[in-house]
Amino acid sequence: MRKPGVLVISHGSRESSWVQLVDDAVGQLPLRGELPVAASFLEIVEGRLIQDGIDDLERQGVTDILVIPLFVSSGSTHVNEIAYALGVIDAPAIDTDLEPFRIRANILYGEPIDNDPDVARMVWDKVKTESKNPGEEVLILVGHGSSHDGFRQRWEEGLSRLAESARAIGGLAAADYGLLRPDSVRAKVEYWQKERGMQVIAAPLFLSDGYFTRTVIPQRLDGLNYRYSGEALLPHPLLTHWMERQIRSWLARDADASL
């Protein structure tokens, strides 16, 4: 007899508050009483790594696992290497230390965050207090990025669309994006300030607050005039809703296939 379950995978952090924010978002899933759900981490969080999550679900009799990669972009190399280690793809696109996991259950690999209406609303909710005169403001979405060809382009495409979606919600004059890798953030802010004469609102696209939101981005923009809330996506109820939509869509397709 088939039994579905969900495995949510995010990066992990040494900061317990980072881990707690992910746990809180997963814990708010209204479907948790109906099917087993495990939150696991790519690294750092000992005892709660990906293999631990798989083992936990399989001990509960789960035969089919929806894996939700809780990463902000399909351009993340981690999304690719996890897919390989789960057996979803035959080979990773880059070198990885991840070994194939021990899995008996069937795996369906879900989607990372990328551009989504829920996420655009989350981005705007985090920065809207910084907007004073929308007709003269540009939203610059700041993401980690990647130096790997192919992955960088996915980052750029996703951030470009997401920035525009968030701009439309807020009614700002323009939107753009910048990457920390390869570094384009400072150049983008300077362009919109000096060449276009606009007030910049910088918004970090990171799952939880941490070193990049608190230190790296402000350092890259040191000395420039910009507005910055520094708030990551979590906490926000729409992230739970985003996960729930994937789960319900999967369960509905599964139910239709069994008819």
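This section describes helix packing, aromatic pairs and charge–ring contacts in a predicted model.

Helix 2, spanning residues 50-59, is mostly covered, with seven of its 10 residues buried. The buried positions are Ile 50, Gln 51, Gly 53, Ile 54, Asp 55, Leu 57 and Glu 58. The elements that cover these residues include three strands, namely strand 1 (4-10), strand 2 (37-41) and strand 3 (64-69), together with helix 3 (77-85). Just after helix 2, the backbone at Gly 61 adopts a positive phi of about 85 degrees.

Two packed helices are described by the angle between their axes and the distance between the axes. For helix 4 (residues 117-127) and helix 5 (residues 151-170), the axes come within 8 Å and cross at roughly 60 degrees. Helix 4 is therefore oblique to helix 5. The crossing of these two helices is right-handed. On the side of helix 4, the contact is formed by Val 119, Ala 120, Arg 121, Val 123 and Trp 124. Helix 5 contributes Leu 162, Ser 165, Ala 166, Ile 169 and Gly 170 to this contact.

Aromatic side chains provide a further set of contacts, and the structure holds five aromatic pairs. In one of them, the ring centres of Tyr 191 and Trp 192 lie 5.3 Å apart and the planes stand at 80 degrees; because an angle over 60 degrees counts as edge-to-face, the pair is assigned to that class. The two partners differ in accessibility: Tyr 191 is partly exposed, with a relative accessible area of 36%, whereas Trp 192, at 7%, counts as buried because this value falls under the 20% limit. Tyr 211 and Phe 212 form an aromatic pair that is also edge-to-face, with a centre-to-centre distance of 5.7 Å and 65 degrees between the planes. Tyr 211 has a relative accessibility of 53% and so counts as exposed, the limit being 50%. Phe 212 is partly exposed, at 32% relative accessible area. Both residues belong to one aromatic cluster, which is formed by Phe 206, Tyr 211 and Phe 212.

Aromatic rings also meet charged side chains. The charged end of Arg 154 is placed over the ring of Phe 151, at 4.8 Å from the ring centre. For Lys 188, the charged end sits over the ring of Tyr 177, and the distance to the ring centre is 4.1 Å.

Terms used. Residues are numbered from 1 along each chain as its sequence is written. This is a predicted model: local features need pLDDT of at least 70, side-chain atom pairs count only at pLDDT 80 or more; totals for chains, interfaces and linings use all residues. Side-chain values use heavy atoms; hydrogens and water are left out. Rings of Phe, Tyr and Trp (its six-membered ring) pair if their centres lie within 6.5 Å; planes under 30 degrees apart count as stacked, over 60 as edge-to-face and the rest as tilted. Buried means under 20% relative accessible area, exposed over 50%, partly exposed in between (1.4 Å probe, protein chains only). A charge sits over a ring if NZ of Lys or CZ of Arg is within 6 Å of the ring centre and within 35 degrees of the ring normal. Axes are lines fitted to C-alpha atoms, for helices over the stretch in contact, and angles run from 0 to 180 degrees between N-to-C directions. Helices (H or I, at least four residues) and strands (E, at least two) are DSSP runs, numbered from the N terminus. Angles under 35 degrees count as roughly parallel, over 145 as roughly antiparallel, 65 to 115 as roughly perpendicular and the rest as oblique. A crossing is left-handed if the near helix is turned anticlockwise from the far one by less than a right angle, and right-handed if clockwise. Contact means heavy atoms within 4.5 Å.
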